[in-house]
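Visitor: Please display the structure, and I shall put a series of questions about it.

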Amino acid sequence: MEKFIVQEGLVAPLDRANVDTGAIIPKQFLKSIRRTGFGPNLFDEWRYLDHGEPGMDNSRRPLNPDFVLNQPRYENASILLARKNFGCGSSREHAPWALQQYGFRAIIAPSFADIFFNNCYKSGLLPIVLSEAQVDQLFNEVKAFPGFKLVVDLEKQVVATPDGHLAFEFAIDDFRKYCLLNGLDDIGLTLRHADDIRAFEERHLAAQPWLANTI
């Protein structure tokens, strides 16, 4: 998992409350057993004018010009600004995978659905909770200033404009912060103890050598 330390990036505003995981990545794309390739189908039903299916050539599909991510001013945005209860609905892990694989590193909203919120950390995606007033202010800034960027400093737990004229602190659990700063998902956390695991397996096999014939 990629480390998250400081992210400076363009902000894309998704001015909708209660965006569910079915909108983030529609159900037909859950057929894949891989954890990659979901970025092109992020918000598929909103981004495209036709119905999408796995394996389609997205470069040939008609885009919805009114959808925010299709507007040139938000191209290559890496910070998503959203409204309350983002990520509600079913508990599909594919939703944070799609957001991260599209290019987003952080999502700012007044609140998140619990399961989605927890799944974000496992994908190296940082969900940031700010007050509704603070989020309103950021929406106004994005609307007023094309090319509006923010700097997300995880170590300092601050979201700020590059010139520092606007800055908001955010809270994060210490363990989750540690994992993101070090790029550790559940597998990475386990592999920190690889030597201990290997030593245990060797001792266990030495004490019960008949197990070797069952492996």
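Visitor: Is Leu184 buried or exposed?
Guide: In this predicted model, Leu184 lies in the loop between α6 and α7 (186–191). Its relative accessible area is 13%. Because the limit for burial is under 20%, Leu184 counts as buried.

Visitor: What distance separates the C-alpha atoms of Leu184 and Tyr121?
Guide: Leu184 and Tyr121 are 63 residues apart along the chain. The separation of their C-alpha atoms in space is 9.4 Å.

Visitor: Which residue with a positive phi follows α6?
Guide: Helix α6 comprises residues 174–182, and Lys177, Cys179, Leu180 and Leu181 are buried in it. At its start, a side-chain oxygen of Asp173 comes within 2.9 Å of the backbone nitrogen of Phe175. After the helix, phi takes a positive value near 65° at a glycine, Gly183.

Visitor: What is the relative accessible area of Phe43, a residue other than glycine with a positive phi?
Guide: Phe43 is found in the loop between α1 (21–24) and α2, and its phi is near 50°. It is also among the residues that touch the most other members of the largest nonpolar core, which has 58 residues. Phe43 is buried, and its relative accessible area is 0%.

Visitor: Which residues does Phe86 contact, leaving aside neighbours within four places in sequence?
Guide: Phe86 is listed with Phe43, Leu99, Ile108, Phe116 and Leu126 as touching the most other members of the largest nonpolar core. Two of these, Phe43 and Leu99, are in contact with Phe86, and Phe116 is in contact with it as well. With sequence neighbours left aside, the full set is Leu14, Val19, Ile24, Phe43, Leu80, Leu99, Ile107, Ala109, Ser111, Phe112, Ala113 and Phe116.

Visitor: Which residue joins its side chain to that of Gln7 through a polar contact?
Guide: Gln7 is found in strand β1 (residues 6–13), and at 15% relative accessibility it counts as buried. Not counting residues up to four places away in sequence, Gln7 touches Ser78, Ile79, Arg105, Leu150, Val151 and Val152. The polar contact between side chains, at 2.9 Å, is made with Ser78.

Visitor: Which residue has its backbone nitrogen 3.0 Å from a polar atom of the Asn64 side chain?
Guide: Asn64 lies in the loop between α2 (44–47) and β2 (79–81), and it is buried, with a relative accessible area of 18%. Not counting residues up to four places away in sequence, Asn64 touches Trp46, Arg47, Tyr48, Leu49 and Asn70. The backbone nitrogen at 3.0 Å belongs to Asp66.

Visitor: Is Gln157 buried or exposed?
Guide: Gln157 lies in the loop between β5 (149–153) and β6 (158–160). Its phi is near 60°, a positive value in a residue other than glycine. With a relative accessible area of 18%, Gln157 is buried.

Visitor: Which helix gives the most residues to the lining of the largest pocket?
Guide: The largest pocket has a volume of about 240 Å³. Its lining has 13 residues, and Pro13, Leu14, Asp15, Val68 and Phe139 lie nearest the centre. By class, the lining divides into seven nonpolar, two polar and four charged residues. With four residues, spanning no other element named here, the most is given by helix α5 (residues 132–144).

Visitor: What is the volume of the second largest pocket?
Guide: The second largest pocket is lined by Arg47, Leu63, Leu69, Asn70, Gln71, Pro72, Glu75, Asn76, Ala77 and Tyr102. These residues divide into five nonpolar, three polar and two charged. The volume of this pocket is about 160 Å³.

Visitor: What percentage of the contacts with a separation of 6 or more comes from residues 24 or more positions apart?
Guide: The protein has eight helices and seven strands, and its C-alpha trace spans about 70 × 40 × 25 Å along the principal axes. Of its 215 residues, 47% count as buried. Among contacts with a separation of 6 or more, the share from residues 24 or more positions apart is 65%.

Methods:
Residues numbered from 1 in each chain as written. Predicted model: local features only at pLDDT ≥ 70, side-chain atom pairs only at ≥ 80, totals over all residues. Heavy atoms only, no water. Helix = DSSP H or I, 4+ residues; strand = E, 2+ residues; numbered from the N terminus. Buried < 20%, exposed > 50% of the residue type's maximum accessible area, 1.4 Å probe, protein only. Polar contact = N/O pair within 3.5 Å; in protein donor to acceptor, adjacent residues only side chain to side chain. Contact = heavy atoms within 4.5 Å. Core = buried A, V, L, I, M, F, W, Y, C linked by side-chain atoms within 4.5 Å. 1 Å grid on protein atoms, 1.4 Å probe; cavity = no way out; pocket = protein on both sides within 12 Å on 5 of 7 lines; lining within 4 Å. Points joined across faces, edges and corners; volume = space filled by probe spheres on them. Nonpolar A, V, L, I, M, F, W, Y, C, P; charged D, E, K, R; others polar.
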